[in-house]
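Hi,

Here is the structure I promised to send over. Have a look at it first, and then read on for what turned up in it.

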Amino acid sequence: MQRSSSISRETNETNINLSINLDGEGQTKIKTDVPFMNHMLDLFGHHGQFDLTVDAQGDTDVDAHHTTEDMGICLGKALHQAIGDKKGINRYGNAFVPMDETLVQAVVDLSDRPHLEMRAYFPHQKVGSFDTELVHEFMWKLALEARMNLHIIVHYGRNTHHIIEGIFKALARALNEATAIQSKMKGVPSTKGLL
């Protein structure tokens, strides 16, 4: 059974088509109006071994906020749908990723209880034309729509690009672990019997 999902979302601000295959090979096709997010989503798919396609246009003449936020919404919804009933998955994922002088940790619980705890300081407010505060916006909407508990901890780092890149790579690897099928798990990984 292929664990995949496609989402289309069109508003007065954005038009996004996104698909993900959790059991992919890390193949990506990313085309958005936010160049920095093209790079981050490509990293996310590759390091999570998710096949990911994103086609997103938005009102970037205003700024990148709406497009980045709505991509987080769409990716979260697609992840939630692709994971399905959660039978047999690991549920939890934890990854440390070094990126030159930076060390980032991402911890995930696919608990159906959305929460974001993000401990990150960005030395600069922009990377190129991208507002670094949008990383939190993206991650919060992703956690909310994927209905996951997500903790991101930047242990240290000086270069803003490296810090954000480390965040996306660590998230991808943690999600790869959390969504993986565990051969010993016969049902839902919860004593409640439901996630």
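**Helix packing, salt bridges and two backbone angles**

Helix 1 and helix 2 are roughly parallel to each other, a label given to angles under 35 degrees (over 145 is roughly antiparallel, 65 to 115 roughly perpendicular, and the rest oblique). Helices here are DSSP runs of H or I with at least four residues, strands are runs of E with at least two, and both are numbered from the N terminus.

Before the details, a word on where the numbers come from. This is a predicted model, in which local features need pLDDT of at least 70 and side-chain atom pairs count only at pLDDT 80 or more, while totals for chains, interfaces and linings use all residues. Residues are numbered from 1 along each chain as its sequence is written, and side-chain values use heavy atoms, with hydrogens and water left out.

**Helix 1 against helix 2**

Two packed helices are described by the angle between their axes and the distance between the axes. For helix 1 (residues 35-48) and helix 2, the angle is about 20 degrees and the axes are 12 Å apart. The axes are lines fitted to C-alpha atoms, for helices over the stretch in contact, and the angles run from 0 to 180 degrees between N-to-C directions. The crossing of helix 1 and helix 2 is right-handed (the near helix is turned clockwise from the far one by less than a right angle; anticlockwise would be left-handed).

Which residues make the contact? Helix 1 brings Met37, Leu41 and Phe44, and helix 2 brings Thr68, Met71 and Leu75, with contact meaning heavy atoms within 4.5 Å. The residues of this contact of helix 1 with helix 2 divide into 5 nonpolar, 1 polar and no charged. In that count, Ala, Val, Leu, Ile, Met, Phe, Trp, Tyr, Cys and Pro are nonpolar, Asp, Glu, Lys and Arg are charged, and the others, Gly among them, are polar.

**Helix 2 against helix 3**

The axes of helix 2 (residues 65-83) and helix 3 (residues 134-146) come within 7 Å and cross at roughly 25 degrees. That makes helix 2 roughly parallel to helix 3. Their crossing is right-handed. On the helix 2 side, the contact is made by residues including Thr68, Glu69, Met71 and Leu75, and on the helix 3 side Glu137, Phe138 and Lys141 are among them. The residues of the contact of helix 2 with helix 3 divide into 8 nonpolar, 5 polar and 5 charged.

**Salt bridges**

How many salt bridges does a search of the whole structure find? There are 11, each being a side-chain nitrogen of Lys or Arg within 4 Å of a carboxyl oxygen of Asp or Glu.

One of them sits between helix 2 and helix 3: the side chains of Glu69 and Lys141 meet at 3.1 Å, N to O. Glu69 is in helix 2 and Lys141 in helix 3, 72 residues apart, and the pair links distant parts of the chain. Both residues are buried, Glu69 with a relative accessible area of 16% (buried means under 20%, exposed over 50%, partly exposed in between, using a 1.4 Å probe and protein chains only). Glu69, Glu137 and Lys141 are also linked in a network of salt bridges.

Arg3 forms a salt bridge with Asp23, and the closest N and O atoms are 2.8 Å apart. Arg3 lies in the segment before strand 1 (4-10) and Asp23 in the loop between strand 2 (14-21) and strand 3 (28-32), so the pair ties together parts that are 20 residues apart in sequence. Arg3 counts as buried at 7% relative accessibility, whereas Asp23 is partly exposed at 41%.

Arg147 and Asp112 also meet through their side chains in a salt bridge, at 3.1 Å from N to O. Here Arg147 belongs to the loop between helix 3 and strand 10 (149-156) and Asp112 to the loop between strand 6 (102-109) and strand 7 (115-119), so parts 35 residues apart in sequence are tied together. Arg147 is partly exposed, with a relative accessible area of 32%, and Asp112 is partly exposed too, with 23%.

**Positive phi**

Two loop residues may be of interest for your backbone checks. Lys86, in the loop between helix 2 and strand 5 (92-99), has phi near 70 degrees, a positive value in a residue other than glycine. Lys86 counts as buried, at 3% relative accessibility. Asp100 is found in the loop between strand 5 and strand 6, and its phi is positive as well, near 55 degrees. At 64% relative accessibility, Asp100 counts as exposed.

Best wishes
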